[in-house]
Amino acid sequence: MPEVPTLHPEVTWAQRSSSTEAERNYLYVDIKAPDVDKSGAKLSITSTNVSFSGYSKKGVNYDVSLDLYGEIDTEHTKVNHNDREVELVLRKKELKEEYWPRLLKSTQKAHFLKTDFDKWVDEDEQDEQPEDDYANNMGGMGGMEGMGGDQGGLGNIDFSKLGGMEGLGGMAGMPGMGGMPGMGGMPGMPGAEGAGEEDDDDMPELEEAEKDEGSAKSKIQEVS
């Protein structure tokens with residue numbers, strides 16, 4: 001029986017920091033282990049280490065152990081294991097404004113470890129990011145432990161934060177939606193400003209219409 005190769009899965013990471021808010025002081029760690037069944041995988045998380053191992057359906061044994069630069073609060077760990085990867089949100093234990101200089105305790109470069117540029121924000125720009133960041137707004141990450149993932153969809157969106165929108169009335173500022181509610185601002189819709197003006201101008205007055213009708217009848221009688 002051929003030996004199953006053991007590989008380090010690719011690991012990507014990013015982080016946020018805060019000296020006052022624990023929920024904004026965390027790490028993103030994604031372990032790229034595609035086609036590894038959740039039931040057969042082993043994930044161990046301690047205050048200073050993250051370890052993962054599992055066999056993929058394509059005959060690869062993934063194994064990795066990450067000795068972290070600092071400590072994490074394991075009580076607030078969030079995990080999502082899907083068909084492509086294992087997504088982790090790890091809360092850094094020490095509240096500190098400065099970023100960790102690296103993810104791992106060792107200063108040696110790990111060839112499998114990369115920066116997640118989709119999630120990375122420079123330390124001096126993180127306050128400009130939306131308050132509901134990836135770690136705090138996980139509606140699209142089904143199965144996240146402790147994240148209320150059963151809501152999903154629009155259930156966890158606060159519309160009051162979307163550009164000053166107040167209920168659906170705020171849709172008035174959206175292109176083509178002026179005049180909401182009631183859709184009054186859309187051309188041809190009831191209640192639209194000027195929507196029926198042109199139609200009124202084109203309609204003859206009732207009396208004039210009756211006169212024209214009577215005149216037409218008179219002409220018919222004269223001809224006969």
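In this predicted model, a good place to start is a pair of side chains: Asn82 and Glu87 are joined by a polar contact of 3.3 Å. From there we can look around Asn82, step back to the whole chain, and then visit a charged patch on the surface.

**Around Asn82**
- Asn82 sits in a loop, with strand S7 (72-81) on one side and strand S8 (86-92) on the other.
- Is Asn82 buried or exposed? Its relative accessibility is 17%, and buried means under 20%, so Asn82 counts as buried.
- Besides its contact with the side chain of Glu87, the side chain of Asn82 also reaches the backbone nitrogen of Glu85, at 2.8 Å.

**The whole chain**
- How many helices and strands does the protein chain have? You can find 2 helices and 9 strands in it.
- Reading from the N terminus, the order of elements is β-β-β-β-β-β-β-β-β-α-α.
- The protein chain has 224 residues, and 32% of them count as buried; Asn82 is one of the buried residues.

**A patch of negative charge**
- On the surface, Glu21, Glu23, Glu97, Glu98, Asp122, Glu123, Asp124, Glu125, Asp127 and Glu128 gather in a patch of negative charge.
- Where does Asp127, a member of this patch, lie in the chain? Asp127 belongs to the loop between strand S9 (113-115) and helix H1 (197-202).
- Asp127 has a relative accessibility of 62%, and exposed means over 50%, so Asp127 counts as exposed.
- Here is a pair to remember: Asn82 counts as buried, whereas Asp127 counts as exposed.

How values were computed. Residues are numbered from 1 along each chain as its sequence is written. This is a predicted model: local features need pLDDT of at least 70, side-chain atom pairs count only at pLDDT 80 or more; totals for chains, interfaces and linings use all residues. Side-chain values use heavy atoms; hydrogens and water are left out. Helices (H or I, at least four residues) and strands (E, at least two) are DSSP runs, numbered from the N terminus. Buried means under 20% relative accessible area, exposed over 50%, partly exposed in between (1.4 Å probe, protein chains only). A polar contact is a pair of N or O atoms within 3.5 Å; within protein, one must be able to donate a hydrogen and the other to accept it, and residues adjacent in sequence count only if both atoms are side-chain atoms. Patches are made of residues with over 30% relative accessible area and no salt bridge: like charges are joined within 9 Å, nonpolar side chains (Val, Leu, Ile, Met, Phe, Trp, Tyr) within 5 Å. Accessible areas come from the Shrake-Rupley method with a 1.4 Å probe; for residues, only the protein chains shown count as cover. A salt bridge is a side-chain nitrogen of Lys or Arg within 4 Å of a carboxyl oxygen of Asp or Glu. Lys and Arg count as positive and Asp and Glu as negative; His and the chain ends are not counted. The place of a charge is taken as NZ of Lys, CZ of Arg, CG of Asp or CD of Glu.
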